[in-house]
Amino acid sequence: MIKLNSLNSRLLLAFAGLSIIICLFFIRLSALLIETAENNVYQSLLANEVSKLKNQLPLHSHKNSPLDYIAIYTSESTIPPSIAANVQRSSSGEFHLNKENNEASTRYFIYDSIIDTQGRPIYIIFDISKLNANKHLSGFKSLFLYSISASVVVLCLLSSWYLAKWLSSPIRLLTKDIANRHSQPTQTLYGIDREDEIGQLASALDASYAQIQALLEREQNFTRDVSHELRTPITLIKNTLAMHSSKELGNEATKVVSQASNELEQTVEVLLALARQENLCFEELVLLPIIEKTVLNIYNSYPDSSFDVSIKVDTKLRATGNPYLISLLCQNLVNNGFYHSNSAGMKISSDGALLIFENNIKGEVQRPYYQGLGHGQYLVNRIAEEMNWQIDISQKTGVYRVIVDTQLS
C-alpha cells in the first residue's frame, strides 16, 4: 500500500510520473517519425508515377496505371464524385474518406496533377488503402508501438520503484540508527562519513545528540552535586539554630552560622558555574594573577584574621581552562586552608605545570567550627574534571598537600 506521507512513496510517484510522461512523449514522437517516413515513401511513389506520365505526354486516350493503387484521370468528369470534391480544391494534396458503402476502413488518398499539351489537367490519385504492404505495415506498426509502449511503461514503473527504494534507503538506515541510539549510545550513525547531504544530516544529528547528552549529563551532575554538597551547611545551620532556639546566638554559634552561610554561598556559586554552558569555553591563561586575586579577597574579607600565604608561582605558568572556574578552584582551596585548618598560613607554589597548595596539619590557631582540611574536596575535583585537569590530594609528614596538574589529560 502506497502511503503519500512516505518519502519512498513520493519518490516512487515522482519518478513513475516523470518516466511515463517521457515515455508517452517518445512514443508519440516515434509514431510521428513512422508516419512521416510512410508519407515520404508514398510521395516518392507518386512522384515517380507523375514523372513517368510526363514523359508520355501528349495522351491521346485514357491512360491506366499498371499499379492498382494508382488511378489516372484525364478529365474531371471521370473522377468519382466523392474524390472530385477533394481534388478540385488544389493541384496536389492528401485527403481521406470515412467509412461508407460497408467499406472495411477509412480510405486515405494522396494526389497530384499535371497539365497536358492541350491545357487540360490530368489527376494522378494514390489510394494508400489498396497498398498491400501498407496493410501489413499498419498492423505491424500498431503492434510494435503498443507492445513497446506497454513494456516501457512497466519497465519505468519497476525502475522507479527500485530508484525510490534505493534513494530512500539511507534515510531509513539513519532513522533506524537514531531510534537505537538510546540503547547503543556509542554506535556511529549511518552516513556520518559520507560527503553528501546524508552525511551532513548525520553529522548535524550526531552533534545535536552529543550536545543533548552533555546537557543531560550537566543536569545529572548538578542534581548530584546539590544533594552531595548542600546538605552539610544546611544541616549545620539548622542544628545550630535548634540548639539556641530559646536564647540568643553566642559568639561561637554566630561564627558557625556565618561560616556555614559563606560555605553555602560558595557551593551554590560553584554548582551554578559548573552548570552553565558559557563556563565550558576554555582559553590559555596566566595563573599567577588569578591566585593573587583569590588571596587578596580573603584579606579584604577578613582584615583582622592572621593568615599568611606564601606564593611562589612561576610568573610564566600558563594553563588552558575557564578563568571563572580556575578562580573558583583556587578560591575553594585557599578558603579550605583559611576556614578549616588550625594553622595560620599556607604555601602556594609551582613545579613545571603543577600547582601545589600546602597547609600544615598542626597549628596553634583554634577554630571551634573546624571541619578538617578534606572539606570541599568534592567541588575541587568537579571543577578540575570539567577542565580535564588532574588533582592529587595527600596528607603526610604533617603537611596537607593538593597538587593540581594543569596540563590537559
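Which residues form a nonpolar patch on the surface? In this predicted model, the patch is made up of Leu-18, Ile-22, Phe-25, Phe-26, Leu-29 and Leu-33, and together these residues offer about 590 Å² of accessible area. Take Leu-33 as an example: this residue sits in helix 1, which covers residues 7-55. Leu-33 counts as exposed because its relative accessibility is 54%, and the cut-off for that label is over 50%.

Stepping back to the whole chain, there are nine helices and 11 strands. The chain has 409 residues, and 36% of them count as buried. Its accessible surface adds up to about 24,600 Å², with 55% of that belonging to carbon and sulfur atoms. As for how the chain meets itself, take the contacts with a separation of 6 or more: 63% of these come from residues 24 or more positions apart.

One such meeting of separated stretches involves Val-286, a residue of strand 5 (residues 283-286). Val-286 and Ala-319 are 33 residues apart in sequence, yet their C-alpha atoms are 6.7 Å apart in space. Leaving out residues up to four places away in sequence, Val-286 touches Thr-315, Leu-317 and Arg-318. With a relative accessibility of 29%, Val-286 counts as partly exposed.

Next comes a sheet. Five strands make up an open sheet in the order 6-8-9-11-10, and the pairing is mixed. Strand 6 (308-312) and strand 10 (390-396) are the edge strands; each has a single partner strand, so one side of each has no neighbour in the sheet. On average, neighbouring strands here are turned by 15° against each other, direction ignored. Strand 6 pairs with strand 8 in the parallel sense, over five bridges. For Asp-308, the bridge partner is Gly-345 in strand 8. Helix 7 (residues 287-301) packs on this sheet and touches strand 6, strand 8 and strand 9 (354-360). The direction of helix 7 makes about 175° with that of strand 6.

Within strand 8 (residues 345-351) lies Ser-349. Is Ser-349 buried or exposed? Ser-349 counts as buried because its relative accessibility is 12%, and the label applies under 20%. Apart from residues up to four places away in sequence, Ser-349 touches Lys-312, Val-313, Leu-354, Leu-355 and Ile-356. Of these contacts, Lys-312 falls within the residue range of strand 6, while Leu-354, Leu-355 and Ile-356 fall within that of strand 9.

The charged side chains are worth a look too. How many salt bridges does a search of the whole structure find? The search finds five. One of them joins the side chains of Asp-196 and Arg-194, at 2.5 Å from N to O. Both partners are partly exposed: Asp-196 has a relative accessible area of 27%, and Arg-194 has one of 31%.

Helix 9, residues 377-386, holds another set of salt bridges. Arg-382 forms one with Glu-385, with 3.8 Å between the closest N and O atoms. These two residues are three apart in helix 9, about one turn of the helix. Arg-382 also meets Glu-386 in a salt bridge, at 3.4 Å from N to O. Here the spacing is four residues, again about one turn of helix 9. Through shared partners, Arg-382, Glu-385 and Glu-386 are joined into one network. Why would such spacings suit pairing along a helix? An α-helix has 3.6 residues a turn, so residues three or four places apart point the same way. Side chains of opposite charge can then pair when their charged atoms come close.The members of this network differ in how far they are covered. Arg-382 counts as buried, at 3% relative accessibility, and Glu-386 is buried as well, with a relative accessible area of 16%. Glu-385, at 45%, counts as partly exposed. Other buried residues of helix 9 include Leu-379, Val-380, Ile-383 and Ala-384. Beyond the helix comes Asn-388, which has a positive phi, near 60°.

Methods:
Residues numbered from 1 in each chain as written. Predicted model: local features only at pLDDT ≥ 70, side-chain atom pairs only at ≥ 80, totals over all residues. Heavy atoms only, no water. Buried < 20%, exposed > 50% of the residue type's maximum accessible area, 1.4 Å probe, protein only. Contact = heavy atoms within 4.5 Å. Pairing = 2+ DSSP bridges. Axes fitted to C-alpha atoms, helices over the stretch in contact; angles between N-to-C directions. Patch = residues over 30% accessible without salt bridge, like charges linked within 9 Å, V, L, I, M, F, W, Y side chains within 5 Å. Areas by Shrake-Rupley, 256 points an atom, 1.4 Å probe, with all protein chains shown as cover. Salt bridge = Lys/Arg side-chain N within 4 Å of Asp/Glu carboxyl O.
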